[in-house]
Amino acid sequence: MAGRIIAINGSPRSGWNTDMLIDEAVKGAESKGATVKKYDLYKLDRFTGCISCFGCKRDKHKGECVAKDGLKPVLDDIRDADGIIMGAPNYFGDLCAEFKLFYERLVFPYLTYNKENPCCNTRRIPVLLIMTSNAPDTLYLDMMERYRSVLDSFIGPTKILVSGETMQVKDYSKFDWTFFDAAQRIERREKVFPEELKKAFELGASLSD
């Protein structure tokens, strides 16, 4: 299956860690014949998180977010897609706020509040979720497993890629940052990050298997 993939960049920094990993995953999907459409959340028209209008719980729009703002076309595209690549940086111990707004709107429409059938999504699609972080790779694995569990339940089978201890800037000498070992971050960017880019490519390709 090749199909159509939607890629979501939840980072405000174009061309940096999160965006680079997403782009490699996109290349992987395209290498298997998939067509990919990419959205940058920070470049969309204004949008909010879930406004709890419950329009998605009514029979006419069950499973569909009805709020009309900058995120609506993205969510509509995902409803017709064959897979999702999405990523965001970790800010203050969780995925960044702009991504969380998107995540609420993506998942909540499929929650039925019905014990017998808690999810109304009848078209499950594979998901790749990427997180970048200043912290070590292993620090937020429990949190990422919670994201995986929710996405598994409501969207489709989900794979996770975490890139930790990322390089934040090109020139550390411009900043008085004593939390970080600049030399270590630069070395990791040169030696480890290329392997993570390869992994992103492989995981993107796997969405079309």
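**View 1. W177 and F180, an edge-to-face aromatic pair in a predicted model.** At 36% relative accessibility, W177 counts as partly exposed, and F180, at 22%, is likewise classed as partly exposed, because values that are neither under 20% nor over 50% fall into this class. The rings of W177 and F180 lie 5.9 Å apart, centre to centre, and the angle between their planes is 75°, so the pair is described as edge-to-face, the word used for planes over 60 degrees apart.

**View 2. The aromatic cluster that contains W177 and F180.** Besides W177 and F180, the cluster includes Y172, F175 and F179, and together these residues form one aromatic cluster.

**View 3. Y103 and Y147, an aromatic pair between two helices.** The count of aromatic pairs in this model comes to nine, and one of them joins Y103 and Y147, whose ring centres are 4.9 Å apart and whose planes meet at 65°, an edge-to-face arrangement. This pair links distant parts of the chain, for Y103 belongs to helix 3 (residues 97–107) and Y147 to helix 4 (residues 141–154), with their positions 44 residues apart in numbering. Y103 is buried, with a relative accessible area of 11%, and Y147 is also buried, with a relative accessible area of 6%, because buried means under 20%.

**View 4. Charged side chains over aromatic rings, shown for K57 and R189.** K57 lies over the face of F108, at a distance of 3.7 Å from the ring centre. In a second example, R189 is placed over the face of F193, and here the distance from the ring centre is 4.8 Å.

Note on methods
Residues numbered from 1 in each chain as written. Predicted model: local features only at pLDDT ≥ 70, side-chain atom pairs only at ≥ 80, totals over all residues. Heavy atoms only, no water. Phe/Tyr/Trp six-rings, centres within 6.5 Å; stacked < 30°, edge-to-face > 60°. Helix = DSSP H or I, 4+ residues; strand = E, 2+ residues; numbered from the N terminus. Buried < 20%, exposed > 50% of the residue type's maximum accessible area, 1.4 Å probe, protein only. Lys NZ or Arg CZ within 6 Å of the ring centre and 35° of its normal.
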